[in-house]
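Got your viewer open and a selection box ready? Follow along, one selection at a time.

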Amino acid sequence: MNFHGCRACIVVCFLLVTWPAKAAEPALELPAGITVEQPCPDPALKKIVFIAGSNFFKAGQHDYVGGSAVLIGMVRQTSGAFPLLALDWPQKPETLAEAKAVVFYFDGGDKHALLDADKLQQVRQLADAGAGIVSLHQGADIPKSSGETLRALLGAAFEKDYSRRAHWTAEFKTFPDHPICRGVEPFEIDDGWLYRLRFVDQMRGIAPLLRTTSPKPNSGQESEQDTIVSWAFKRPGGGRSFTFTGAHLHESLGQEGYRRFLTNGILWTAGFEIPSNGAPVELAANRLDAYLTPPPASAAATK
């Protein structure tokens, strides 16, 4: 090697040694008993894939991982169900294979996962095979240009400059005669609602489940359709979908009626027969906070 070559090697080695290394991102701490993309041990089980956003917002708010962990624990209580968790999107091809339902619990709008053509294709293939589609909170929010795509999957979509979002406390005392509402006791939750949504034409296949109206002055001008915040959808090509536009606060899962409503909805989309008294949703009161996702070190340091 000539002199110039040696000098170049020395410079490169110097830069490699002295260049500041990028700090490794801390691994997300998962609740006890929860692993990522656990393989299904028995093909006879109905696989339900929870796709949870791993980003941190505020403690107990938009806690997609913590909320999914609670609901996974609820779904596990039904014989024949195999729920599993994927962060942001499944990394293993086999995770989504043969899934009977998939649950979206992540950020929407310009961050919506289905804006990615490959991910959308994976979901369309599942839907064409009859898999259930569940959307919680912001999963119903997508840019207007993709609204028809989401409506085909969910039956409705949030539309910017038309739909609305706001926080208020709503009490649900009565429920329609639908399998998702079996055994659901009244519950009252403070939530961030998406409402006044764009539904499919003539509401074909839509079964409204929950309605609520903002208590703020001059907010009572919404039509009956505008007040729907949760619905079931029997897709024209076959398959079931369930959407709940709340699910902002982790603490709401402490209410049995609320847990059962969401769990029933998830199981219904996967083809389970919902018992007359609803799905089992046992949860010790002192266990709920154990499912909260710990804030990353960077967030904790700013407090």
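Start inside the protein: the largest cavity holds about 70 Å³ of space. To find it, select N55, F56, H62, D63 and T293, which lie nearest its centre among the 15 lining residues. Here a cavity is a set of points, on a 1 Å grid over the protein atoms alone, where a 1.4 Å probe fits but cannot get out; lining residues have an atom within 4 Å of a point. Grid points are joined across faces, edges and corners, and a volume is the space filled by probe spheres set on the points. The structure holds three cavities of 30 Å³ or more.

A word on the ground rules. This is a predicted model, so local features need pLDDT of at least 70 and side-chain atom pairs count only at pLDDT 80 or more, while totals for chains, interfaces and linings use all residues. Residues are numbered from 1 along each chain as its sequence is written, and side-chain values use heavy atoms, with hydrogens and water left out.

Now zoom out and colour by secondary structure. You should see seven helices and 11 strands in the chain; these are DSSP runs numbered from the N terminus, with helices being H or I of at least four residues and strands E of at least two. Of the 303 residues, 49% count as buried, meaning under 20% relative accessible area (exposed is over 50%, partly exposed in between; 1.4 Å probe, protein chains only).

Next, select residues 117-128, helix α4. Its end C-alpha atoms are 16 Å apart, which agrees with the 16 Å that 12 residues should span at 1.5 Å a residue (the expected span is 1.5 Å times one less than the number of residues). Which residues of α4 are buried? Show L120, V123, L126 and A127 as sticks: those are the ones. They cover an arc of only 120° around the axis, which puts them on the same side of α4; the arc is that of the directions from the helix axis to the C-beta atoms. Swing round to the other side of α4, and A117 and D128 are exposed.

What do the buried residues of α4 pack against? Add α3 (93-96), β3 (101-105), β4 (132-136) and α5 (147-154) to the view. At the start of α4, check D116: one of its side-chain oxygens reaches to within 3.0 Å of the backbone nitrogen of D118. Just after the helix, G130 takes a positive phi of about 95°.

Stay here for the largest pocket, with about 280 Å³ of space. Pick L96, E98, A99, L126 and A129, the closest to its centre of 15 lining residues. A pocket is an open set of grid points with protein on both sides within 12 Å along at least five of seven lines. The largest share of its lining, three residues, comes from α4.

Now go to D141, in the loop between β4 and α5. At 8% relative accessibility, D141 counts as buried. Its side chain makes a polar contact with the side chain of R165 at 2.7 Å; such a contact is a pair of N or O atoms within 3.5 Å, where, within protein, one must be able to donate a hydrogen and the other to accept it, and residues adjacent in sequence count only if both atoms are side-chain atoms.

Last stop: H178, in the loop between β6 (164-172) and β7 (187-195). Buried or exposed? H178 counts as buried, at 13% relative accessibility. Leaving out residues up to four places away in sequence, H178 touches A207, L209, A232 and W268, where contact means heavy atoms within 4.5 Å.
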